[in-house]
Each structure stands twice: as structure tokens, then as C-alpha cells.
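I opened this model today to look at how its helices and strands are arranged. Here are my notes, in the order I took them.

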Amino acid sequence: MRREPAAGTAHGLAHAKAILFGEHAVVYGSPALAVPLHGLGVQTDIRNSPGAETRIESQLFSGTAHSAPETMGPVVAGLQAALEATGGPSAEVELRIRSAIPHSRGLGSSAAVATSVARAVAALRGQVIDATALHTIVQKAETVAHGRPSGIDAWAVATPAPIRFQGGRATRIEVGRRLIFVLADSGHHGSTAEAVSGVRALHEAQPARINAAISRLAELTEGAVDEMRTGERDSIGARMLEAHSLLADIGVSTPALDALVDAATAAGACGAKLTGGGLGGCVLALADSDDQAQCLADSLRAAGAPRTWTTEVKAT
């Protein structure tokens with residue numbers, strides 16, 4: 001870690017992420033492709049508060065870290081890990097966390113908050129955390145949040161470019177052409193644990209069927225990595241539609257998610273699919289222009305999405 005001057009109040013930022021390809025297949029060792037959602041972010045402000053107990057101010061909780069409820073466990077764990085990694089666990093600080101990332105939607109909210117907290121702590125102590133150290137900190141928070149995290153969220157919310165993730169390793173992907181995505185909230189919480197458990201049960205009962213789906217999802221991911229580099233939007237969109245169909249076939253889509261995919265397709269999207277664990281959460285649609293993105297957002301809200309967001313992945 002290299003030293004930088006510390007200020008009285010320090011800040012840490014992170015963004016949301018979406019899984020473009022590879023949901024569930026990644027659990028079985030196959031690759032996944034994640035994209036940053038820069039339009040949805042989180043900022044943590046931190047300052048020293050000598051003589052006072054460490055406090056956390058957020059949309060979900062305001063109070064001392066010691067009295068924080070179980071739902072704040074990942075934040076407390078991330079703060080403690082960041083303090084230990086930057087010079088010592090003892091600190092009297094006040095954190096203010098402001099997040100625009102919806103919870104329980106498969107967008108990496110807990111990892112993004114932990115990332116912003118870790119970056120803020122490091123900045124307060126005049127340090128810059130390298131990517132590996134940051135990932136280690138965030139994984140400690142994610143373990144509290146999810147039990148056995150794959151690690152994809154911790155990499156994706158801290159990396160400004162798309163990543164290919166497999167076996168705990170993340171690689172940045174070059175983007176040959178600007179990509180515009182519209183994200184639509186189904187209005188229902190997703191449940192990654194329930195979805196993963198359901199797919200595992202199917203895998204035990206029908207291994208040939210699920211193995212075939214996982215194999216094809218892996219092929220779609222690898223092909224999309226190449227197409228991201230060349231900027232072939234139509235091909236990426238076609239892969240998104242096939243991936244959604246496969247995910248629906250293994251039981252992780254819902255009527256609400258299917259309806260949003262159908263609405264996006266009818267409105268001219270290059271492709272659309274659920275993103276994340278499924279059984280709720282969000283749909284990601286690929287537009288071919290800014291104007292079409294607005295049309296997609298309108299159509300998705302008309303189809304029942306209570307909220308939509310538009311974001312872009314810039315060419316590199």
C-alpha cells in the first residue's frame with residue numbers, strides 16, 4: 001500500500017454490478033461475465049470521532065457499531081477487516097453510508113457497501129488499498145452476508161470494466177463498442193441461496209439435463225467475452241435471450257421476469273435476460289442506441305417494472 005495524505009473526512013466509492021452471463025454455471029466451475037453498473041453507486045464518508053463509540057449512519061440503521069442489528073453484520077465485518085488491514089483494529093470513527101443500489105436484487109449491494117467502506121477507511125488513514133487486499137477485505141464481509149461467496153461480486157463492484165470470472169480469478173475484458181443497458185426491477189426480492197439450492201436439487205435428480213444446461217451457459221459466456229471485445233451487439237443480445245431461456249428451464253426465472261424479458265424483446269431490445277440468482281431481482285436489456293434505451297425503459301415500466309435504470313459500458 002502506498003501512502004497519501006489523510007484528510008479530516010475521507011470518502012470511498014463503489015458501483016453495482018450485473019451478471020451478464022454465467023449465473024448458476026459459475027457455481028459449478030464455469031466462467032461468468034459481469035459488467036459494472038456505474039449509474040448505481042454507493043459512497044461512504046468517514047471521519048475520526050475521538051472519545052465517541054464508532055457509529056454507522058445509513059438508510060437501514062443509525063447507531064453504534066456495537067448495537068448494530070444482524071442485518072448490518074456485513075458492514076461491521078467489512079469495517080473491522082478494513083481497520084485491521086490498514087494498521088490496527090482500534091478506531092473511533094463515524095461512517096455515513098449513502099447507497100443507490102437496491103437490496104436483494106442481485107446487484108452486489110453488500111459487496112459494494114463493503115468496498116466503499118474499505119476504501120474510505122484506507123483514505124482516512126492515508127493509504128490506498130491494492131486490488132488483492134481490497135478483495136480480501138470485502139470477502140470477509142461477503143462471508144457474513146452470504147456464507148460462501150464465490151468472489152465475483154467483490155471483484156465486479158470494484159473494477160470499472162467488465163470482468164470474466166472463473167475459479168476465484170477475475171480478468172478485465174476489453175470492450176470494442178459502447179454498450180447501453182437498461183436494468184428493470186421486477187419488484188420482487190431475489191433469493192440466490194434458494195435458487196442455488198433449487199438448481200442443486202435438480203442437478204442431483206437430473207444430472208444429464210442440468211449438466212447440459214451448465215455446459216451451454218459456459219459456451220454462451222465464452223462467446224460473449226469475444227463479442228464484447230469486437231462490439232457485436234446483436235450477437236451478444238441473441239446470447240442473452242438463449243441464456244434466459246436456459247435459466248428459465250432450470251427453474252430460476254419467474255413469470256414477472258419472463259414478462260419483462262418479453263416486453264424488452266417486443267420493444268426491440270438486442271437481447272434481455274434475468275441477472276443474478278433469479279427467483280426475483282432484475283432483468284437486463286441491451287439497447288442499440290440511447291433513444292431506444294428510453295423506449296425500453298418506458299416499455300419495461302409499462303410491463304410492471306416499478307423502477308428502471310440506464311447505464312453504459314464504455315468502449316476501451
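The entries below go from the overall build to helix pairs and then to strands.

**Entry 1: the whole chain**

I note at the start that this is a predicted model. I looked up the secondary structure first and found 9 helices and 13 strands. The radius of gyration came next: 20 Å, close to the 20 Å that the globule rule gives for 316 residues, so the protein is as compact as a globular protein of that length. I also took the box filled by the C-alpha atoms along the principal axes, and that box is roughly 60 × 45 × 35 Å.

**Entry 2: α3 and its two partners**

For helix pairs I wrote down two quantities, the angle between the axes and the distance between the axes.

I began with helix α2 (residues 109–124) and helix α3 (residues 131–146), whose axes come within 9 Å and cross at roughly 140 degrees. Why do I call α2 oblique to α3? Angles over 145 degrees count as roughly antiparallel, and the crossing here is at roughly 140 degrees, which makes α2 oblique to α3. The crossing is right-handed. On the α2 side the contact is made by S110, A111, A114, T115, A118 and R119. On the α3 side I listed L134, I137, V138, A141, E142, A145 and H146. By class, this contact has 8 nonpolar, 3 polar and 2 charged residues.

Then I turned to helix α1 (residues 73–85), which packs with α3 at an angle of about 155 degrees, the axes being 8 Å apart. α1 and α3 are therefore roughly antiparallel to each other. α1 also passes α3 in a right-handed crossing. From α1 the contact takes in G73, P74, A77, G78, A81, A82 and A85, and from α3 I137, K140, A141, V144 and A145. These residues divide into 9 nonpolar, 2 polar and 1 charged.

My cross-check of the lists: I137, A141 and A145 of α3 appear in the contact with α2, and I137, A141 and A145 of α3 appear in the contact with α1 too.

**Entry 3: α7 and α8**

Helix α7 (residues 233–249) and helix α8 (residues 255–266) pack at about 160 degrees with their axes 12 Å apart, which makes α7 roughly antiparallel to α8. Is this crossing left-handed or right-handed? I found it to be left-handed. L241, H244 and A248 in α7 meet L257, D258, V261 and T265 in α8. I counted these by class as 4 nonpolar, 2 polar and 1 charged.

**Entry 4: a hairpin**

Strand β8 (residues 163–166) and strand β9 (residues 169–172) run antiparallel and are joined by 4 bridges. R164 stands opposite T171 in β9. The two strands form a hairpin with 2 residues between them, and G167 in the turn has a positive phi of about 55 degrees.

**Entry 5: the four-stranded sheet**

I traced an open sheet of 4 strands in the order β11-β12-β10-β13, with antiparallel pairing. β11 (271–275) and β13 (308–313) stand at the edges, each with a single partner strand, so one side of each has no neighbour in the sheet. Neighbouring strands here are turned by 25 degrees against each other on average, direction ignored.

Strand β10 (residues 179–185) is joined to β13 by 6 bridges, and F181 has T311 as its bridge partner in β13.

Last, I checked helix α9 (residues 290–302): α9 lies across β10, β12 (282–287) and β13, and runs at about 10 degrees to β10.

Conventions: Residues numbered from 1 in each chain as written. Predicted model: local features only at pLDDT ≥ 70, side-chain atom pairs only at ≥ 80, totals over all residues. Heavy atoms only, no water. Axes fitted to C-alpha atoms, helices over the stretch in contact; angles between N-to-C directions. Parallel < 35°, antiparallel > 145°, perpendicular 65-115°, else oblique. Left-handed = near helix turned anticlockwise from the far one by under 90°. Contact = heavy atoms within 4.5 Å. Nonpolar A, V, L, I, M, F, W, Y, C, P; charged D, E, K, R; others polar. Pairing = 2+ DSSP bridges. Rg over C-alpha atoms; globule rule 2.2 N^0.38 Å.
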